[in-house]
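User: Please go through this model with me in questions and answers.

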Amino acid sequence: MVVRGVAVRRRFFLPVLTPDSYADIDVNLSIELAINRFGRMIKANPHNDDGALILQDVKVQYKEVDAALQTVIDALIARDYLKQDGLLPVTVQSGRALAERYLDGASYRCLHRGISDHRQS
């Protein structure tokens, strides 16, 4: 009985903690965001020193995708990594086409929201 209960818990938590999709943000810095199948950010990996600097100032783990992306984009704007008419390459990848389309749309929405909020302040 106990072993079966542990197995059920493991099957429940494994999908929560397993990356299903990724969003890579590359400006002069590089950050990889790992997202589980439930749309929660489970890990943020910097790929260089600038990425590590941004991530030490923000908390994105376990946030929903839109909130996590918005947090990172706001931090990029606040630290002048994004300039007006600049380019922000965001690469999304997943084994599920629906997840890729959602991540692509979320990154677009968050970027435009962040830029318009920044212009108003």
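The exchange below covers the fold, the sheet, one helix and some single residues.

User: What kind of model is this, and which pLDDT do side-chain atom pairs need?
Analyst: Residues are numbered from 1 along each chain as its sequence is written, and side-chain values use heavy atoms, with hydrogens and water left out. This is a predicted model in which totals for chains, interfaces and linings use all residues, local features need pLDDT of at least 70, and side-chain atom pairs count only at pLDDT 80 or more.

User: Which pattern do the helices and strands follow along the sequence?
Analyst: Helices (H or I, at least four residues) and strands (E, at least two) are DSSP runs, numbered from the N terminus. The protein chain has four helices and four strands. Read along the sequence, their pattern is α-β-β-β-α-α-β-α.

User: What percentage of the residues in the protein chain is buried?
Analyst: Buried means under 20% relative accessible area, exposed over 50%, and partly exposed in between (1.4 Å probe, protein chains only). The protein chain exposes about 7,800 Å², by the Shrake-Rupley method with a 1.4 Å probe, where for residues only the protein chains shown count as cover. Carbon and sulfur atoms supply 54% of that area. Of the 121 residues, the buried share is 36%.

User: In what order do the strands form the sheet?
Analyst: Two strands pair if DSSP finds at least two bridges between them. Strand 1 (residues 21-26) and strand 2 are joined by six antiparallel bridges, while strand 1 and strand 4 pair in the antiparallel sense over five. Five bridges, again antiparallel, join strand 2 to strand 3. The sheet is open, and its order is 3-2-1-4.

User: Which are the edge strands of the sheet?
Analyst: The four strands form an open antiparallel sheet. An edge strand here pairs on one side only, and this holds for strand 3 and strand 4 (90-94).

User: What is the bridge partner of Leu-33 in strand 3?
Analyst: Strand 1 supplies two pairs with strand 2: Ser-21 has Ile-35 as its bridge partner, and Tyr-22 has Ala-34. Towards strand 4, Ala-23 stands opposite Val-92. For Leu-33 in the pairing with strand 3, the partner is Ala-44.

User: Which residue in the turn between strand 2 and strand 3 has a positive phi?
Analyst: Strand 1 and strand 2 form a hairpin with three residues between them. Strand 2 and strand 3 also form a hairpin, with five residues between them. In the turn of the latter, phi is about 80 degrees at Gly-39.

User: Is Asn-36 buried or exposed?
Analyst: Asn-36 is found in the loop between strand 2 and strand 3. A polar atom of the Asn-36 side chain lies 2.9 Å from the backbone nitrogen of Phe-38. Because its relative accessibility is 3%, Asn-36 counts as buried.

User: Why do the buried residues of helix 2 line one face?
Analyst: In helix 2 (residues 49-57), the buried residues are Gly-51, Ile-54 and Leu-55. Seen down the helix axis, the buried residues fall within an arc of 95 degrees, so they line one face of helix 2; the arc is that of the directions from the helix axis to the C-beta atoms. The face turned away from the buried side carries the exposed residues Asp-49 and Gln-56.

User: Which elements do the buried residues of helix 2 pack against?
Analyst: Contact means heavy atoms within 4.5 Å. Helix 2 lies across strand 2 and strand 3. Its buried residues pack against strand 2 (30-35), strand 3 (41-46) and helix 3 (65-78).

User: Which residue in the loop between helix 2 and helix 3 has a positive phi?
Analyst: Most residues other than glycine have a negative phi. Asp-80, in the loop between helix 3 and strand 4, has a positive phi near 60 degrees and is partly exposed at 48% relative accessibility. In the loop between helix 2 and helix 3, a phi near 75 degrees belongs to Tyr-62.

User: What separates the C-alpha atoms of Ile-115 and Leu-82?
Analyst: Ile-115 has its place in helix 4 (residues 97-120) and counts as partly exposed at 28% relative accessibility. Ile-115 and Leu-82 are 33 residues apart along the chain. The separation of their C-alpha atoms is 8.8 Å.

Notes
Axes are lines fitted to C-alpha atoms, for helices over the stretch in contact, and angles run from 0 to 180 degrees between N-to-C directions. A polar contact is a pair of N or O atoms within 3.5 Å; within protein, one must be able to donate a hydrogen and the other to accept it, and residues adjacent in sequence count only if both atoms are side-chain atoms.
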